[in-house]
Amino acid sequence: MPDSPAQLKVLYMRVSSENQSEEMQLNAAKRYLEQYNPDEVLILCDHGISATKLPLHKRPQLAKLLDLVREDKVDTLLVYQRDRLARDFYEYLTIISELIKHDVNVIFTASNSPQFNKDIVLEGAYAIFAQHEGHLINKRTSDARKQAPHRIFGYNVTKTENGRSYSINEQRGELVKQLFSEAANVETLEEFLSLLTKYKKLMKRKVEDVLKILKQPFYAGYYMTQNEYHRLPHVPAIITLDEYKSANKKLEQLEKQYYELKAKTQDNVFIRPICFICNSEMSLKMNTVGTEGYFLCNRNHELVDISIQQLNRMIDEIVTEALNNLNTNELEKKCISFLTSLKKANDQDKTACLQAIRHIEYKLCTTYNLSKPCNEAQKLLEEIRALESKLNNIVQKEQKINECLREINELVRLIQVMLRENLEDHERRLLAKMMIKNLIVHHDYVTCELFFHEFFKSEVLT
Ligand SMILES: [Zn+2]
């Protein structure tokens with residue numbers, strides 16, 4: 001056994017009740033598990049958790065896995081594919097950021113899963129594609145639904161003896177036709193975003209639904225398997241197959257960019273605000289396409305919301321204001337008391353060091369005849385040399401502390417100017433994170449509690 005405690009190889013599985021996929025997930029992991037020492041392998045499985053609707057704490061084994069990761073006890077994580085880990089994109093980003101932070105080697109065991117990428121933006125983008133793979137698989141296994149959906153935007157569906165029959169809903173069909181024709185002419189991400197927003201409103205659907213419409217060849221009277229189109233004779237076409245194809249060609253690129261933007265939104269969040277009504281963390285939403293996203297809370301109460309942009313602007317204002325109101329007297333006092341305690345400890349070290357040297361010198365003079373070579377005496381001389389070099393460091397430190405104490409006024413002033421004027425964006429954010437204890441969002445204003453409040457003049461807090 002090696003000296004350091006062995007890290008775990010964890011296989012995590014999530015098995016929904018209506019699915020017998022545990023064996024499949026286990027089989028896929030087998031060839032990896034065989035390589036490991038059985039003592040180091042831990043298998044965690046959340047059972048009977050239908051769909052992916054449950055919050056993290058109701059998936060106890062996943063929560064346990066994350067605890068182990070945070071304690072740096074996990075070396076490798078085996079999981080079938082990305083959708084086993086998280087219920088949505090945001091949760092996935094949270095989980096992978098922990099995995100990346102703790103340097104966990106993540107292996108997706110499904111044969112067609114792209115490998116884990118330690119760049120969080122790329123991994124986030126893969127996650128989106130993984131979701132799409134999932135959709136495709138669902139569709140493939142339910143061809144019937146694809147050929148004869150019981151409800152589809154743009155058509156009136158009636159049940160007949162032979163299944164379902166479709167007729168075009170004039171108004172909605174026209175919207176679909178326009179959507180496809182405009183999508184084929186979109187060039188930039190901005191245009192794509194405003195297109196999605198426009199049709200989201202016109203169709204009274206979610207953005208994801210608009211995207212889904214654009215991916216259905218049903219509107220051209222076709223369905224798709226693998227890479228082949230099959231004609232659906234019972235479906236009156238709203239668009240031509242060429243129109244479908246040219247819209248989808250554009251979509252491929254832009255959709256990827258759209259999801260990258262979504263991932264960046266997550267990047268822009270550095271403090272999670274709290275709702276003033278229920279006191280819980282607000283949730284992050286991206287529904288408003290083209291904006292930076294926003295936080296909202298409506299847990300059994302009226303809606304409380306704020307855009308990320310607005311929130312970040314307020315955080316910026318709070319930081320600037322706090323720095324401008326930095327209580328230099330208080331800061332100076334703290335610095336002096338800190339330096340004084342350093343000086344005291346250093347003085348003690350110095351006294352101890354000097355005493356030790358004197359003690360050895362005394363021993364040398366009284367016990368040994370220094371004119372004759374002697375191992376014992378040689379050792380003591382070496383000890384003195386080591387102590388002298390230690391003393392030298394202590395004295396240097398003493399000089400530095402005294403220097404700081406002499407120039408404390410200047411130092412405090414410099415800190416203040418530096419903080420106020422020379423901060424890069426990321427430094428300012430870091431500072432905000434360090435300074436702000438919590439941020440509570442009300443309807444028209446934000447309250448903020450600062451750490452280290454003794455350094456700030458009281459008006460900042462009111
Ligand atoms: Zn709330």
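Is Asp103 buried or exposed? Keep that in mind while you get your bearings. What you have open is a predicted model, with 14 helices and 14 strands in the chain. Of its 462 residues, 19% count as buried. Look at contacts between residues at least 6 apart in sequence, and 61% of them join residues at least 24 apart.

**Stop 1: two aspartates with positive phi**

Select Asp103 in the loop between α3 (89-101) and β4 (105-108). Asp103 counts as exposed, because it has 11 C-beta neighbours inside 10 Å and the limit for exposed is 12 or fewer. Check the backbone here too: phi of Asp103 is near 55°, a positive value in a residue that is not glycine. As background, most residues other than glycine have a negative phi.

Now select Asp72, which sits in the loop between α2 (60-70) and β3 (74-79). Asp72 also has a positive phi, about 60°, without being a glycine. With 13 C-beta neighbours inside 10 Å, Asp72 counts as partly exposed.

**Stop 2: the start of helix α1**

Go to helix α1 (residues 22-33) and pick out Glu23. Glu23 has 9 C-beta neighbours inside 10 Å and therefore counts as exposed. Add Met13 to the selection and draw a line between the C-alpha atoms: Met13 and Glu23 are 10 residues apart in sequence and 10.0 Å apart in space.

**Stop 3: a helix pair**

Two packed helices are described by the angle between their axes and the distance between the axes. Select α6 (residues 170-184) and α7 (residues 189-203): they pack at an angle of about 180°, with axes 11 Å apart. That angle makes α6 roughly antiparallel to α7. To see the contact, show side chains for Leu175, Leu179, Glu182 and Ala183 of α6, together with Leu195, Tyr199, Leu202 and Met203 of α7. Colour them by type and you will find seven nonpolar residues, no polar ones and one charged.

**Stop 4: one side of helix α8**

Move on to helix α8 (residues 207-214), where Val210, Ile213 and Leu214 are buried. Why do these three lie on the same side of α8? They cover an arc of only 100° around the axis, so they share a side of the helix. An α-helix has 3.6 residues a turn, so residues three or four places apart point the same way.

**Stop 5: a hairpin**

Select strand β11 (residues 294-297) and β12; the two run antiparallel and are joined by four bridges. One bridge to find is that between Phe295 and its partner in β12, Ile306. The two strands form a hairpin with six residues between them, and in the turn Asn300 has a positive phi of about 55°.

Stay with β12 (residues 304-307) and compare its two faces: Val304 and Ile306 make up the covered one, while Asp305 and Ser307 make up the uncovered one. In a regular strand the side chains alternate between the two faces of the sheet.

**Stop 6: a three-stranded sheet**

Finish at an open sheet of three strands, ordered β9-β13-β14, with mixed pairing. Its edge strands are β9 (274-275) and β14 (446-450), each of which pairs on one side only. Select β9 with β13 (residues 436-441) and you will see them paired in the parallel sense over two bridges. For a last residue pair, pick Cys275 and its bridge partner in β13, Val441.

Methods. Residues are numbered from 1 along each chain as its sequence is written. This is a predicted model: local features need pLDDT of at least 70, side-chain atom pairs count only at pLDDT 80 or more; totals for chains, interfaces and linings use all residues. Axes are lines fitted to C-alpha atoms, for helices over the stretch in contact, and angles run from 0 to 180 degrees between N-to-C directions. Angles under 35 degrees count as roughly parallel, over 145 as roughly antiparallel, 65 to 115 as roughly perpendicular and the rest as oblique. Two residues are in contact if their C-beta atoms, placed from the backbone, lie within 7 Å. Ala, Val, Leu, Ile, Met, Phe, Trp, Tyr, Cys and Pro count as nonpolar, Asp, Glu, Lys and Arg as charged, and the others, Gly among them, as polar. A residue is buried if 20 or more other C-beta atoms lie within 10 Å of its own, exposed if 12 or fewer, and partly exposed in between; C-beta atoms are placed from the backbone. Two strands pair if DSSP finds at least two bridges between them. The arc is that of the directions from the helix axis to the C-beta atoms.
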